[in-house]
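Grab a pencil and work through these exercises with the model open beside you. Try each task before you read its solution.

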Amino acid sequence: MTRRHRSPDSANSPAPRRRSVVKAAAAGAVLAAPLAGALPARAASEAPAFLHGVASGDPLPDGILLWTRVTPAADAVPGSGLGPDVRVSWVVARDSAFTQVVTEGSTTATAADDHTVKADIRGLAPATDYWFRFSSGGTDSPAARTRTAPAADAAVPGLRFGVVSCANWEAGHFAAYRHLATRGDLDAWLHLGDYIYEYGTGEYGTRGRVVRPHAPAHEILTLADYRVRHGRYKTDPDLQALHAAAPVVAIWDDHEMANDAWSGGAENHTEGAEGPWAARQSAAKQAYFEWMPVRPAVAGTTYRRLRFGKLADLSLLDLRSFRSQQAALGDGDVDDPDRTLTGRAQLDWLKTGLVRSDTTWRLVGNSVMISPFAIGSLSAELLKPLAELLGLPREGLALNTDQWDGYTDDRRELLAHLRSNAIRNTVFLTGDIHMAWANDVPVNAGTYPLSASAATEFVVTSVTSDNLDDLVNVPQGTVSAVAAPLIRAANRHVHWVDTDRHGYGVLDITADRAQMDYYVLSDRTRADATSSWSRSYRTRSGTQKVERTYDPV
């Protein structure tokens, strides 16, 4: 998502640099962090230690992917390349006391993998809670809960997922993760992108102050840099708690690499001065797969599909690795059929999976908003010929060409596929935009609601990253009170938008409906921030439309 303008540097700057939309905190308040800053205050005095928690992810009916990072020696900090090889074992049990062990094993953690460890466990029972922990050199990791997916042919009465995106370390604390962790009722949680941010300290929106500084302090470019940044994030106690409470299903967006990343570059990358994009992208992806409990289904990407019984399947997209460069704002190139967001192979994979699905619900983990968000409300009869005459986008002037709005041919093909094949109950789950939305996904936004809705979309707000009230530095809710009615008036498929608050979602699914409960935080800058229910929207089976409901599940 584009959030920064390029601006000229001082005359003695060796290369063009970029600046945040929001002014950084005073330079005197920013301290450079050494590599060791990626470790918590209780850094290892004796080795080995499990300082970055444990995690699980990508649940299958018979398996789960387990993760940890071991610190084998005090100098073996993330990204250092230091530290000896060390044997790490794991154990999986049916009970938290580990008296009913079902499987165990071991592997070697090495500096080549930044001493991260993954164990892809199979042979487990479906829809079952398990506990696991790691051990090394006589030291045990914290114990954690995970859960397998239901059997593929199981009649599942319900599923519940936490849904989050966009967590800027410097902007605040991750209380949203803590509140999800304490629920105790999640089958899994979905992270829809921007798990980390790549900026240097003070370079990205923090509403005038850095709540807690990044490590490393500079913008991350190299493999070591990305490892250090992931390591810093994994020291957060609330993030550790959520990883220990339920398995994660994650995709990346741009900031796991660099702002507005596309297949050949990024807005936040200066080719040459910051090295080749291919090298930076490769480093970012390697560190991601080292530090996240994610299975790459296609080498180097995050697109893959998980199934949760007969109730739902979940298609997870990678909307950065294959996309064409973003078009300029207002550029008719957004309609160019040669430009792509998904890439041909991924779009075909998605279409095939949707049409072949035999589940009640088809969920799509989608890092950028698919619903149109446009200005220009001419009737469809006038808009199409005028757009062709003037070279304007056929669906209005897109406000954010980093979203599906910038790649309208892919969107039209996908929505036409849903309509022509009568594919029902497709729900897009989206992050990125730092606002909460509940949308119908219209086949033709210009004539909606007279035209059809092909799907629905629930967009979750950010965990901490700036939203509109932060950008203009006004009290929470001020902007939304004015902007939300205007957005809805210009975009009739939008049922609700909250432009100002931080929080998370809880998606609850039954055969009859899919409901998103939206929760907001009292103050992103406080570690003890409270959480409160804000609103709920649902889509009932067969309707392809969103409606408000007045109670959380």
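A crossing is left-handed if the near helix is turned anticlockwise from the far one by less than a right angle, and right-handed if clockwise. Helices (H or I, at least four residues) and strands (E, at least two) are DSSP runs, numbered from the N terminus.

This is a predicted model, where local features need pLDDT of at least 70, side-chain atom pairs count only at pLDDT 80 or more, and totals for chains, interfaces and linings use all residues. Residues are numbered from 1 along each chain as its sequence is written, and side-chain values use heavy atoms, with hydrogens and water left out.

**Exercise 1. Get an overview**

Work out how many helices and strands the protein chain has, and what share of its residues is buried.

*Solution.* Step one: count the elements, and you get nine helices and 24 strands. Step two: look at burial, where buried means under 20% relative accessible area, exposed over 50%, and partly exposed in between (1.4 Å probe, protein chains only). Of the 553 residues in the protein chain, 60% are buried. Step three: check contacts, meaning heavy atoms within 4.5 Å. Among contacts in the protein chain with a separation of 6 or more, 71% are between residues 24 or more positions apart.

**Exercise 2. Describe two helix pairs**

Find the angle and the axis distance for H2 with H4, then do the job again for H5 with H7.

*Solution.* Two packed helices are described by the angle between their axes and the distance between the axes. Axes here are lines fitted to C-alpha atoms, for helices over the stretch in contact, and angles run from 0 to 180 degrees between N-to-C directions.

Step one: the axes of H2 and H4 (residues 277–291) cross at roughly 35 degrees and come within 8 Å. Their crossing is right-handed. On the H2 side the contact includes Leu-223, Tyr-226 and His-230, while H4 brings residues including Ala-283, Ala-287 and Trp-291.

Step two: H5 (residues 344–356) and H7 (residues 408–420) have axes 10 Å apart, at an angle of about 15 degrees. Angles under 35 degrees count as roughly parallel, over 145 as roughly antiparallel, 65 to 115 as roughly perpendicular and the rest as oblique. H5 and H7 are therefore roughly parallel to each other. This crossing of H5 and H7 is right-handed too. Among the residues that make the contact are Leu-347, Leu-350 and Leu-354 of H5, plus Leu-414 and Leu-418 of H7.

**Exercise 3. Is H2 tucked in?**

Decide how many of the residues of H2 are buried, and what they pack against.

*Solution.* Nine of the 11 residues of H2 are buried, so the rest of the structure largely encloses this helix. The buried set includes Asp-225, Val-228 and Tyr-233. For partners, look to helix H3 (237–245) and H4, which the buried residues of H2 pack against.

**Exercise 4. Hunt for aromatic pairs**

Classify the pair of Phe-161 and Phe-308, then the pair of Phe-174 and Tyr-233.

*Solution.* Rings of Phe, Tyr and Trp (its six-membered ring) pair if their centres lie within 6.5 Å; planes under 30 degrees apart count as stacked, over 60 as edge-to-face and the rest as tilted. A search of the whole structure turns up 20 such pairs.

Step one: Phe-161 and Phe-308 are 5.2 Å apart centre to centre with 70 degrees between the planes, an edge-to-face pair. Phe-161 sits in strand S9 (residues 159–164) and Phe-308 in strand S12 (residues 304–308), so the pair ties together parts 147 residues apart in sequence. Phe-161 is buried at 0% relative accessibility, and Phe-308 is buried at 2%.

Step two: Phe-174 and Tyr-233 are tilted, with 5.7 Å centre to centre and 35 degrees between the planes. Because Phe-174 lies in the loop between S9 and helix H1 (175–181) and Tyr-233 in H2 (residues 223–233), this pair links parts 59 residues apart in sequence. Both Phe-174 and Tyr-233 are buried.

Step three: look around Phe-174. One aromatic cluster holds Trp-169, Phe-174, Tyr-177, Trp-189, Tyr-195 and Tyr-233. Arg-212 lies over the face of Phe-174, 4.6 Å from the ring centre. The rule: a charge sits over a ring if NZ of Lys or CZ of Arg is within 6 Å of the ring centre and within 35 degrees of the ring normal.

**Exercise 5. Compare two loop residues**

Are Ala-422 and Asn-425 buried or exposed?

*Solution.* Ala-422 is in the loop between H7 and strand S17 (426–430), and Asn-425 lies in the loop between H7 and S17 as well. Ala-422 has a relative accessible area of 59%, so it is exposed. Asn-425, at 4%, counts as buried. Now check phi: about 50 degrees for Ala-422, positive although it is not a glycine, and near 60 degrees for Asn-425, also positive in a residue other than glycine.
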